[in-house]
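Grab a pencil and take a look at the protein below. Try each exercise yourself before you read its solution.

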Amino acid sequence: VQLQASGGGLVQAGGSLRLSCTGSTRTISNHHKGWFRQAPGEEREFVAAISWSGASTSYADFVKGRFTISRDNNANTVYLHMNSLKSEDTAVYYCAAATVWTVLPAQYAYWGRGTQVTVSS
């Protein structure tokens, strides 16, 4: 099982990016999906999660109102739409899949390799 994240890049503060994460197998299409990020010297932190059906979402306080998570199960893809980006959003962003509804990284069984997001001020 593999997850491939893409869509990162360099953007100016106030700009937008859309991250995508595609699973290599239909097996995880019914998993809850999450986005996490890790800045240099920092621990990996929760950003957003979406339930397997898409009916429920959860966001870290620092992205509420700016980021939106969505999924297309037909395409086996989850998205993170990021608006009003700030320099402190600079990090490697990872997608992950879990069978339980959680914001804890340790409970996500499958992880992608990550995509770098750099926000210049």
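Here are five exercises on this predicted model, each with a worked solution.

**Exercise 1. Find out how many helices and strands the protein chain has, and what pattern they follow.**

Solution. Step 1: count the elements. The chain comes to zero helices and 11 strands. Step 2: read along the sequence. With those elements, the pattern is β-β-β-β-β-β-β-β-β-β-β.

**Exercise 2. Work out whether the radius of gyration of the protein chain agrees with that of a compact globule.**

Solution. Step 1: get the expected value. A compact globule of 121 residues would have a radius of gyration near 14 Å. Step 2: compare. The protein chain has 13 Å, which agrees. Step 3: add some context. Along the principal axes, the C-alpha atoms fill a box of roughly 40 × 25 × 25 Å, and 44% of the 121 residues count as buried. Step 4: check who touches whom. Take the contacts between residues at least 6 apart in sequence: 57% of them join residues at least 24 apart. Step 5: look at the outside. The chain exposes about 6100 Å², and carbon and sulfur atoms supply 46% of that.

**Exercise 3. List the salt bridge partners of Arg37, Asp61 and Arg66, and say how buried or exposed the residues are.**

Solution. Step 1: know the total. The model has four salt bridges, counting a Lys or Arg side-chain nitrogen within 4 Å of an Asp or Glu carboxyl oxygen. Step 2: take Arg37. Its partner is Glu45, and their closest N and O atoms are 2.8 Å apart. Arg37 has a relative accessible area of just 6%, so it counts as buried, while Glu45 at 31% is partly exposed. Step 3: take Asp61. This residue pairs with Lys64, with 3.2 Å between the closest N and O atoms. Asp61 counts as exposed because its relative accessibility is 63%. Step 4: take Arg66. Asp89 is its partner, at 2.7 Å between the closest N and O atoms. This pair links distant parts of the chain: Arg66 sits in the loop between strand 6 and strand 7, Asp89 in the loop between strand 8 and strand 9, and the two are 23 residues apart. Both Arg66 and Asp89 are buried. Step 5: join the dots. Through shared partners, salt bridges tie Arg37, Glu45, Arg66 and Asp89 into one network.

**Exercise 4. Lys33 is buried; find the nearest side chain of opposite charge.**

Solution. Step 1: place the residue. Lys33 belongs to strand 4, which covers residues 32-38. Step 2: look for a partner. The nearest side chain of opposite charge is Asp72, 10 Å away. A salt bridge needs the nitrogen and oxygen within 4 Å, and Lys33 has none. Step 3: see what surrounds Lys33. Beyond its neighbours within four places in sequence, its contacts include Ile28, Ile50, Ile69, Asn76, Val78 and Tyr108.

**Exercise 5. What is the sign of phi in Asn76 and in Ser84?**

Solution. Step 1: recall the usual case. Most residues other than glycine have a negative phi. Step 2: check Asn76. Its phi is near 55°, a positive value. Asn76 lies in the loop between strand 7 and strand 8 and is buried, with a relative accessible area of 4%. Step 3: check Ser84. Phi is positive here too, at about 50°. Ser84 lies in the loop between strand 8 and strand 9 and, at 39% relative accessibility, counts as partly exposed.

How values were computed:
Residues numbered from 1 in each chain as written. Predicted model: local features only at pLDDT ≥ 70, side-chain atom pairs only at ≥ 80, totals over all residues. Heavy atoms only, no water. Buried < 20%, exposed > 50% of the residue type's maximum accessible area, 1.4 Å probe, protein only. Helix = DSSP H or I, 4+ residues; strand = E, 2+ residues; numbered from the N terminus. Rg over C-alpha atoms; globule rule 2.2 N^0.38 Å. Contact = heavy atoms within 4.5 Å. Areas by Shrake-Rupley, 256 points an atom, 1.4 Å probe, with all protein chains shown as cover. Lys, Arg positive; Asp, Glu negative; His and termini not counted.
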